[in-house]
Amino acid sequence: MSYLTRELKPYFERGFMPLINAISKAKIHPNFLTIFGLFLVAVGSYFLYLKAYLLSFVFLLLGALCDALDGAIARKTKQNSPFGAFLDSLTDRFSDALPFIAIALSSQDKVLSFLSLLALVFSFGVSYARARAEGLGFDLRVGFFERTERWVVLLAGALLQQIFLALILLVVGSFLTLIQRVYTFMRLSQGR
């Protein structure tokens, strides 16, 4: 869990408790919310492809909100399960990829397309490094620029129509976090 998520999560869940309660009472399954969030991100990515930045921001934000709420709803309704966690992680990878693919495909600027694909690769590298370390029995909860931070930068870039600057920040932040995780894992694994 990123620093930003760890610090803000209690406030976020408290602030959204009326919505969490309403969704729970409506008997909406957390897995449906996970899939619906991915759908919203796909729509937002399509608008990003069209360079309709405000619409893109709205749909990407709603998709991110669904992703943020599905776990809270699963815990509240006692519907958390290994499959739900697996589905959430899997759809997160698709949600992470779609905006970068949209940016890369929509641009005539080869540098912008390259940065978008590089941001995608480094973002996946950050996620994979942790997943692989956990698969090997190590806890690798380090990283100053994890998924939450990447989404904040992406959303700000869309809202402010500063995609190029957002991509620079995403590439640099993701790369440094990947290096941080590799270095941390190297030290942890040598200690065994």
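Let me start with Gly-37, which, once its neighbours within four places in sequence are set aside, is in contact with Gly-63 and Cys-66 in this predicted model. Gly-37 belongs to helix H3, and with a relative accessible area of 5% this glycine is buried, since the cut-off for that term is under 20%. There is also a longer-range relationship to record here, in that Gly-37 and Asp-70 are 33 residues apart along the chain, while their C-alpha atoms are separated by 9.0 Å.

Staying with helix H3, which covers residues 30-49, we can check its length against expectation: at 1.5 Å a residue, its 20 residues should span 28 Å, and the C-alpha atoms at its two ends are 29 Å apart, which agrees. After H3 comes Lys-51, and the phi angle of Lys-51 is positive, near 65°. I would also point out the cluster formed by Phe-32, Phe-36 and Phe-39, which are linked to one another by ring pairs.

That brings me to the aromatic rings in general, where a pair is described by the distance of the centres and the angle of the planes. Searching the whole structure gives eight aromatic pairs. One of them joins Phe-83 and Phe-86, a tilted pair with 6.4 Å from centre to centre and 35° between the planes. Those two phenylalanines are three residues apart in helix H5, which means that about one helical turn separates them. In another pair, the ring centres of Phe-138 and Phe-185 are 4.9 Å apart and the planes stand at 75°, so this pair is edge-to-face. Because Phe-138 sits in the loop between helix H6 and H7, whereas Phe-185 sits in helix H8, the pair ties together parts that are 47 residues apart in sequence. As for accessibility, Phe-138 counts as buried at 11%, while Phe-185, at 22%, counts as partly exposed.

Which other residues of helix H8 should we look at? Leu-167 lies in that helix and is buried, with a relative accessible area of 1%. Apart from neighbours within four places in sequence, Leu-167 is in contact with Phe-100, Ile-103, Leu-112, Leu-115, Ser-116 and Ala-119. For Leu-112 we also have a C-alpha to C-alpha separation from Leu-167, which is 7.9 Å in space across 55 residues in sequence. Further along, helix H8, residues 163-190, also contains Thr-177, which is buried at a relative accessible area of 0%. If residues up to four places away in sequence are not counted, Thr-177 touches Val-126, Gly-143, Phe-144 and Phe-145.

Finally, let me turn to the internal space. How many cavities of 30 Å³ or more are there? The count comes to one, and the largest cavity holds about 50 Å³ of space. Its lining consists of Ser-95, Asp-96, Pro-99, Phe-100, Ser-123, Arg-150, Trp-151, Leu-154 and Leu-170, and by class that makes five nonpolar, two polar and two charged residues. Helix H5, residues 82-106, and helix H7, residues 147-159, each supply at least two residues of this lining, with H5 giving the most, namely four residues. Phe-100 therefore appears twice in this talk, as a contact of the buried Leu-167 and as part of the cavity lining.

Notes:
Residues are numbered from 1 along each chain as its sequence is written. This is a predicted model: local features need pLDDT of at least 70, side-chain atom pairs count only at pLDDT 80 or more; totals for chains, interfaces and linings use all residues. Side-chain values use heavy atoms; hydrogens and water are left out. On a 1 Å grid over the protein atoms alone, a cavity is a set of points where a 1.4 Å probe fits but cannot get out, and a pocket is an open set with protein on both sides within 12 Å along at least five of seven lines; lining residues have an atom within 4 Å of a point. Grid points are joined across faces, edges and corners, and a volume is the space filled by probe spheres set on the points. Ala, Val, Leu, Ile, Met, Phe, Trp, Tyr, Cys and Pro count as nonpolar, Asp, Glu, Lys and Arg as charged, and the others, Gly among them, as polar. The expected span of a helix is 1.5 Å times one less than its number of residues. Buried means under 20% relative accessible area, exposed over 50%, partly exposed in between (1.4 Å probe, protein chains only). Contact means heavy atoms within 4.5 Å. Rings of Phe, Tyr and Trp (its six-membered ring) pair if their centres lie within 6.5 Å; planes under 30 degrees apart count as stacked, over 60 as edge-to-face and the rest as tilted.
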